[in-house]
Amino acid sequence: MEISVVGSGYVGTTVAACLADLGHTVTNVDIDEGVVDSINAGEAPIHEPGLDELLAKHGGDRLRATTDYDAVRDTDLTFVALPTPSNEDGSIDLSIIGGGMESLGGALASKSDPHVVVVKSTVVPGSTETELEPAMRRAGAGENVHVAVNPEFQREGSAVEDYLNPDKLVVGTDSEYARETLAAVFEPLIERADSDPPLVETGLREAEMIKYANNTFLAAKISLINELGNICKEYDVDAYEVAEAIGLDDRIGEQFLQSGVGWGGSCFPKDTAALIAAAERAGYDPALLKAVVAVNDGQPGRMLGLAERHVDVEGSRVAVLGLAFKPGTDDIRHSRAIPLIEALRERGAEVVAYDPVAGENMRERFPDIEYADSAAAALDGAHLALVVTDWDEFTALDEEFDTMATPVVVDGRRIVGRRDGLTYEGLTW
């Protein structure tokens with residue numbers, strides 16, 4: 001099929017590249033000329049495993065990019081993957097996607113053939129129906145334009161794999177034409193996937209809510225295991241042994257039971273805050289979701305508290321290992337390293353940071369701290385090491401700790417091994 005994708009961030013670029021790999025012809029629309037040039041040159045504008053290969057294979061050929069919204073008229077279906085950032089109160093800001101829908105409506109105003117517009121962006125229930133579709137209609141989109149919601153469940157660091165092997169495909173729409181068109185889009189995906197992903201057909205608001213329910217449930221699971229882990233630490237209990245046992249209960253499951261310094265990224269913080277704000281706007285107090293956030297926000301402080309049992313951080317050289325919110329990505333949004341670095345600077349520490357790919361992004365946030373070009377360089381002469389992101393390369397660190405002025409390690413991800421000569425604290429074990 002001929003498909004267009006509006007937006008080329010983490011979701012849009014991955015979706016466009018994967019659709020091209022499935023045999024569709026894809027046009028990516030973005031206002032950033034640098035991103036457009038990068039895609040057409042077959043180069044990934046973001047760091048995501050597997051994406052470089054797909055863009056090298058299809059960029060400038062089956063996958064092309066442009067800044068011109070009019071290009072959507074030559075396609076059968078448009079996915080909208082534009083940002084929905086948070087307002088100060090946690091609610092979502094629809095201005096960017098709203099502007100995109102207006103531009104899309106204007107471009108489709110002169111098209112007479114049927115066209116499907118699919119909202120992939122995460123929006124609270126009712127947004128598509130009451131704000132986004134009306135914005136598109138006001139700009140000129142006619143009744144031949146059909147609307148659907150198709151939330152994405154990709155994880156940064158494994159987005160390509162997640163798209164090509166999904167747990168489920170959710171389609172929310174009142175239009176039979178949109179439903180049939182999306183079924184045709186996903187047919188080669190379902191045929192190619194290792195599993196047999198179910199196609200969940202539902203309404204617009206239900207599809208919007210499924211995305212929030214999915215993410216906040218996982219965020220709550222992580223905060224719960226972190227809360228249990230904090231209690232385990234107080235009683236000298238290994239939280240990971242506890243988690244391994246409870247994970248054998250099929251009502252609980254083993255995934256997302258790795259306690260540690262908490263969750264970050266673009267989805268869990270934003271989606272949890274948005275659902276809290278939406279609930280409060282409807283007159284409901286989401287006490288459990290507020291507790292989920294509170295536990296997560298407290299983990300970096302607990303990590304620093306463990307460090308201060310062994311090291312006076314004022315004037316000390318502190319190595320922060322891992323800046324991305326998770327391995328496999330250069331995304332630092334809501335990284336647990338950020339509150340740690342802020343707290344260390346407030347206490348007068350000399351911070352030296354290292355991450356395999358996210359250093360430059362963090363440099364924009366903290367330009368005045370030191371950035372090392374390797375974990376070994378960060379550890380050399382340090383009085384304390386804080387392990388924040390579970391990059392595989394950190395599991396191989398051993399003799400490097402001997403170069404520290406005082407070999408004290410607080411591990412927030414359980415990836416460093418205990419050994420003689422190393423003062424080691426696990427966050428929840």
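**Exercises: a pocket, a cavity, a strand and two loops**

Helix 8 provides nine residues to the lining of the second largest pocket, the largest share. The model is predicted: local features need pLDDT of at least 70, side-chain atom pairs count only at pLDDT 80 or more, and totals for chains, interfaces and linings use all residues. Residues are numbered from 1 along each chain as its sequence is written, and side-chain values use heavy atoms, with hydrogens and water left out.

**Exercise 1.** Describe the second largest pocket and its lining.

*Solution.*
- Start with the term. On a 1 Å grid over the protein atoms alone, a pocket is an open set of points with protein on both sides within 12 Å along at least five of seven lines; lining residues have an atom within 4 Å of a point.
- Take the volume: about 410 Å³.
- Find the centre. Of the 18 lining residues, Thr216, Ala220, Leu288, Leu289 and Val292 are the closest to it.
- Assign elements. Helix 8 (204–234) and helix 11 (287–307) each supply at least two lining residues. Helices are DSSP runs of H or I with at least four residues, strands are runs of E with at least two, and both are numbered from the N terminus.
- Sort by type: 14 nonpolar, two polar and two charged. Nonpolar covers Ala, Val, Leu, Ile, Met, Phe, Trp, Tyr, Cys and Pro; charged covers Asp, Glu, Lys and Arg; the others, Gly among them, are polar.

**Exercise 2.** Which residues line the largest cavity?

*Solution.*
- A cavity is a set of grid points where a 1.4 Å probe fits but cannot get out.
- The volume of the largest cavity is about 40 Å³.
- Its lining is Val119, Lys120, Ser121, Thr122, Val123, Val149, Pro151, Ala207, Glu208 and Lys211.
- Helix 8 gives the most, three residues.

**Exercise 3.** Place strand 13 among its neighbours.

*Solution.*
- Strands pair if DSSP finds at least two bridges between them.
- Strand 12 (residues 384–387) runs parallel to strand 13, with three bridges. Here Val387 partners Asp411.
- Strand 14 (residues 423–426) also pairs with strand 13 in the parallel sense, over four bridges. Val409 stands opposite Tyr424.
- Now the side chains. Val408 and Val410 point one way, Val409 and Asp411 the other, and all are buried (under 20% relative accessible area).
- In a regular strand, side chains alternate between the two faces of the sheet.

**Exercise 4.** Where do Phe256 and His334 lie?

*Solution.*
- Phe256 lies in the loop between helix 9 (239–246) and helix 10 (268–281). Its phi is positive, about 60°.
- His334 sits in the loop between strand 9 (317–321) and helix 12 (337–346). Its phi is also positive, about 60°.

Notes:
Points joined across faces, edges and corners; volume = space filled by probe spheres on them. Buried < 20%, exposed > 50% of the residue type's maximum accessible area, 1.4 Å probe, protein only.
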